[in-house]
Structures are given as structure tokens and as C-alpha cells.
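Colleague: I'd like to learn how to read strand pairing in a model like this. Could you walk me through it?

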Amino acid sequence: AMVSDKLKEPVTLRKLALRGLPLPHAVIEGIEVGKAGDHLKAGKVAVTPDLLSMLSSTKVIRSIDIDGLLITQRALDKIPQWTKTDPKAPPAAFKVVVREIRLNDASLQLQKKKLGPFDAEVDIGDDGLPLRALLSARDGKLKASLLPADKGRLRLAVDARDWSLPLGPPMKFDELKVSGFATPTSLDLRQLESKLYQGKIGGTMEIDWQKGLRLKGQLAVDAVELRELVPLFSPSAKISGRLNAKPVFSGETAKPEQIAAAMRLETPFDIRNGVLQGIDLQRAATQLIKRESGGETRFDTLTGHFAMDRGTQRITNLKVTSGSLGAEGNVTIAPDKSLSGRVNAQVGSTLVVPLNISGTVDSPMALP
């Protein structure tokens, strides 16, 4: 009843027991928060107190062991409300300090995606902040650690193999190594190394969420095959080839869920031995009175400069070479995925045809 009043949600438990061995502790089973546990569930929670501290104004909990924890998106959305303090509330009669939390078979249900199951151990200081944390996925594909560093920071290390991102586009990493520093309001990722889609991506990144969400970083992309990667970000875009690029990116927004729309990114790029689906530049240049769509353009090299600013994408200094075909120009992709631009296509040694690019990413068109 006390927790339900605090959270403003129905809270139920199936069983409560006190046990004496190996140390005196309380065991709570079948915890559910929300209607039918749609916010949070836990199979069993064991709470082991420091008995001597129960006589003082600071109550110390040696450890909390939680088995079968499931936290849903609804619970995550309400955590700021649940943890908000009431400035008008009377001072607490005592303080509670938790020294260690251990999670066994825990999961996060994030809308349509599930993160876990995983195990974790967290050591907590007197200020309520983590001193040390270890996390490992039960399938063995991911391990992460936070260990004491300097200046109030924790040293972060992540090692993953055959692992896919649980949030955003489900990029799959053959190998991923991350190292850096973490604070309660920021991440400073000094080293990112990954192998994926037959190539490599490395770089650095900084993330800060003290006021809204801010991120910035730079990457080096080396010979990554685009055939399976591009559809994860834009299902309608179809292009293959090995990409080399050096993107620099940044974004800042008051609401974290809006960070994708606030991103800025720019990079030179070089794609080798690929196919651009949806448009045949050579056929468009040789059929001078027909609006051309569909088909494909095979190329030896496709180079240029890509820039994205709040949803609008611009490709400048675009150059395509493929046997007897050469093309260069500029193309803009609006936030609604509509296309505009101009490409000069050269077929053979003499014929140069300017092409207006229009339509959409799903159905591009070229008209002389």
C-alpha cells in the first residue's frame, strides 16, 4: 500500500517471508507494478539488511538480489515521475543506503524490442551513485563493465560479438569494442572499434544528457558493404558497393526521442564496384524525350560529399564512372524523401546530356 501510494500505480506481491540463513533477509515473491504487471514484474527479490544499522538513523541494505526482473517502456517513461521529490514533504525520519544490487535474468521491454535477458552486479556509494557495475548478456554475446577511474568518473568497457543493436536500426556487429569514461550525466567514448558487413568502423563519440540530449563524434568507415546496411536506415533505398567515408556528426535536442531529426552529419564518400537501384542513368541520357525511372546503374566508382542537416540530405560533387558512362552533379533529398537535382551524364566520348532528377527515393526519375 505504501509503494502503491508513492508510485500512483497498483502494486501487488504474492508472498513475503523472513529467513535467517545465511544472513537474516526478507524474500518477496511475485511483485507486479501496474495493471496486470504491465509496468514492472519481478519473480523474487531478496533484501539483506545490516542488522546493526537498523538501530541508527541510516539504514544500510547490504544487498538486493532480484530474479526475473522485467521493466517495460511504460515504467521507463514514468521513472522521472516516480523519483521526483516533493519539496513540501516533511523530512524523512531515516535514510536508506543500498550497498549492492544483483540482477539475475533481467530484461527491458522497449516498445517492440526486448533487451536481454542479462545479469548484472552494481556496487553503490553513499551518494547513491554506482561505484562499480558489471553486465553480461545470458547468450554470451555482450559484456560491459564500469570500474572506478578518476575525477568521479567510471571507466567503461564493452565487448560484443555477433551482436545487434537493441535500439534504433538493428545493425549487426561481428565484433564491437568500446572504451571510455562515464559519469551520471555523460559518456566519453574514446575508442570505438568494430567489424561489420565485411568492413570496419572506428572512431570517437561524446554523449551528454544533463540538459536534454547532446552528442557529437567522428568515425572512419573502411570498405563496409552497403547492400544489407543501407536498408536498415532507409528501407526504400537500394545500393550496393564497398563504402569508405569519414563522417563527422553532432546533434542537440531537449527531447531525446527527437535526436534523429536534430542530427547534422557530413562526410566525403567513395563507393566502389556497386549498383544503384531504381534509376538507369545511361538509358535516361540516350532516350532524350522519355521520362526515365526504374532500372539500375552499375558503377565502378561513386564519389562525392554527403551532408545532412535536420532531415535534409544533400549530395554534392557527385561523380559516377562506369565503363563508357560518366556522370556528375548534385542531388537533394528533402525530409519527405522527395528528390531534386541535376546530373550531367556523358555517354561515350562526345555525348553529354543534362538530366533533371525528381521523384522520390522510392521512385526516382530522370528527364533530359
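Modeller: Sure. Start with the rule: two strands count as paired if DSSP finds at least two bridges between them. And keep in mind that this model is predicted.

Colleague: Okay, in which sense do strand 8 and strand 9 pair, and over how many bridges?

Modeller: They're antiparallel, with eight bridges between strand 8 and strand 9 (residues 113–124). For one concrete pair, look at L108, whose bridge partner in strand 9 is L115.

Colleague: What links strand 8 to strand 9?

Modeller: A hairpin, with two residues between the strands. Check Q111 in that turn: its phi is positive, about 55 degrees.

Colleague: And which way does strand 5 run against strand 8, parallel or antiparallel?

Modeller: Parallel: four bridges join strand 5 (residues 58–67) to strand 8 (residues 100–110). There, D67 has N104 as its bridge partner. Strand 6 (residues 70–72) also pairs with strand 8 in the parallel sense, over three bridges, and T72 is matched with Q109.

Colleague: What should I know about side chains along a strand?

Modeller: In a regular strand they alternate between the two faces of the sheet.

Colleague: Now the cores. Which residues touch the most other members of the largest nonpolar core?

Modeller: That core has 49 residues, and the ones you're after are L243, F269, I271, L302, L318, L355 and I357. Leaving out residues up to four places away in sequence, L302 touches F269, D270, I271, L318, K319 and V320. There's also a second, separate core of 20 residues, which includes I31, V45, W82 and L108. You've met L108 already, as the bridge partner of L115.

Key:
Residues numbered from 1 in each chain as written. Predicted model: local features only at pLDDT ≥ 70, side-chain atom pairs only at ≥ 80, totals over all residues. Heavy atoms only, no water. Core = buried A, V, L, I, M, F, W, Y, C linked by side-chain atoms within 4.5 Å. Buried < 20%, exposed > 50% of the residue type's maximum accessible area, 1.4 Å probe, protein only. Contact = heavy atoms within 4.5 Å.
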